[in-house]
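Visitor: Show me the structure, please. I would like to ask how its labels are justified.

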Amino acid sequence: MSITVVYPGTFDPVTNGHSDLVERAARLFDHLIVGVAGYPGATKRPVFTLDERVALCADVLGHLPNVEVRPFENLLADFVNECGAQVILRGLRAVSDFEHEFQLASMNRQLVPGVETMFLTPAEQYAYISSSLVREVAALGGDVTRFVHPCVQRALDERMARS
Ligand code: COA
C-alpha cells in the first residue's frame with residue numbers, strides 16, 4: 001500500500017530543521033505533502049505571505065521527487081482527507097514541544113480518526129532552531145546562513161531591509 005503523509009506547519013520561513021525532517025520522512029514514505037498553513041493558529045501572524053512561504057518551501061525542497069508543497073487554509077483534518085493521506089507528520093525537537101504536539105495529535109485524532117500522527121526528531125544541530133528565532137536573528141543583523149537555505153536568507157534580507 002502506498003503511504004501519503006502530510007507535514008503541516010506555518011513555515012515562516014522554512015528552516016534547515018524543517019528540510020532535515022522532510023528529507024528523513026521522504027525516505028520513509030511514498031509521497032510527502034508539505035502543507036503550508038494559511039491559518040496557523042490564533043496567536044501567529046506570519047511575516048511572509050502564504051504564497052511567499054509556499055514558494056520558499058518549493059525552492060528549498062524542489063530536489064526531492066516525492067515531495068510536493070501545497071497551501072491550505074481550512075482545517076488540517078479536512079486538508080489531510082483532501083490529500084488522501086494516512087499520516088500527519090510533526091517534528092519533536094525537545095521535551096517542551098511535547099505538550100503542544102500531544103494536544104494537536106489528540107484533537108486531530110478526534111477529527112480524523114483513521115489518520116495517525118507520527119513524530120520524527122531533527123538532527124541534533126537543528127534541535128534549537130525555530131522560525132521565529134531565525135527571523136529575530138535576521139532582523140537584528142545576525143548571520144543566519146547556517147540555519148536556512150540561501151534563497152530563504154535572501155528573502156529575509158529583502159524583508160528586513162524593507163521594514
Ligand atoms: N525545525 C525547525 N523548526 C521547527 C521544527 C523543525 N524540525 N519543527 C517545528 N519547528 C518550529 C516551527 O518553525 C515553529 O516555530 P515558530 O513558533 O518560531 O514559528 C514551531 O516549531 C512550531 O510551531 P507550531 O505553532 O507548533 O506549529 P506550526 O507553526 O509548525 O504549525 C499548524 C501549526 C499549522 C500545524 C496548526 O496551527 C494547524 O493545523 N493549523 C490549521 C488549522 C487547524 O486545523 N487547527 C486545528 C488544529 S487541531
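Guide: What follows is a short round of questions on a predicted model.

Visitor: What makes the ligand's approach to Gly-17 a polar contact?

Guide: A ligand nitrogen lies 3.3 Å from a polar backbone atom of Gly-17. The cut-off for N or O pairs is within 3.5 Å, so the pair counts. A ligand nitrogen also lies 3.3 Å from a polar backbone atom of Ile-129. At Ser-130 the partner is a side-chain N or O atom, 3.3 Å from a ligand oxygen.

Visitor: How much of the ligand does the protein bury?

Guide: The protein buries 85% of the 940 Å² that the ligand exposes when taken alone. The space taken by the ligand is the largest pocket.

Visitor: Which residues come nearest to the ligand?

Guide: Thr-10, Lys-44, Leu-76, Ser-131 and Ser-132, out of 25 residues around the ligand. By class, that shell has 11 nonpolar, 11 polar and 3 charged residues.

Visitor: Which element gives the most to the shell?

Guide: α4, with 4 residues. β1 (4–9), α1 (16–28), α4 (95–111) and α5 (131–139) each supply at least two.

Visitor: Why is the pair of Tyr-128 and Phe-147 called edge-to-face?

Guide: The ring centres of Tyr-128 and Phe-147 are 6.2 Å apart, with 90 degrees between the planes. Centres must lie within 6.5 Å, and planes over 60 degrees apart count as edge-to-face, so both conditions are met. The whole structure has 4 aromatic pairs.

Visitor: What does the pair of Tyr-128 and Phe-147 tie together?

Guide: Tyr-128 is in the loop between β5 (116–120) and α5, and Phe-147 is in the loop between α5 and α6 (150–162), so the pair ties together parts 19 residues apart in sequence.

How values were computed: Residues are numbered from 1 along each chain as its sequence is written. This is a predicted model: local features need pLDDT of at least 70, side-chain atom pairs count only at pLDDT 80 or more; totals for chains, interfaces and linings use all residues. Side-chain values use heavy atoms; hydrogens and water are left out. A residue is near a molecule or strand if one of its heavy atoms lies within 4 Å of it. A polar contact is a pair of N or O atoms within 3.5 Å; within protein, one must be able to donate a hydrogen and the other to accept it, and residues adjacent in sequence count only if both atoms are side-chain atoms. Accessible areas come from the Shrake-Rupley method with a 1.4 Å probe; for residues, only the protein chains shown count as cover. On a 1 Å grid over the protein atoms alone, a cavity is a set of points where a 1.4 Å probe fits but cannot get out, and a pocket is an open set with protein on both sides within 12 Å along at least five of seven lines; lining residues have an atom within 4 Å of a point. A molecule sits in a cavity or pocket if more than half of its atoms lie within 2 Å of its grid points. Ala, Val, Leu, Ile, Met, Phe, Trp, Tyr, Cys and Pro count as nonpolar, Asp, Glu, Lys and Arg as charged, and the others, Gly among them, as polar. Rings of Phe, Tyr and Trp (its six-membered ring) pair if their centres lie within 6.5 Å; planes under 30 degrees apart count as stacked, over 60 as edge-to-face and the rest as tilted.
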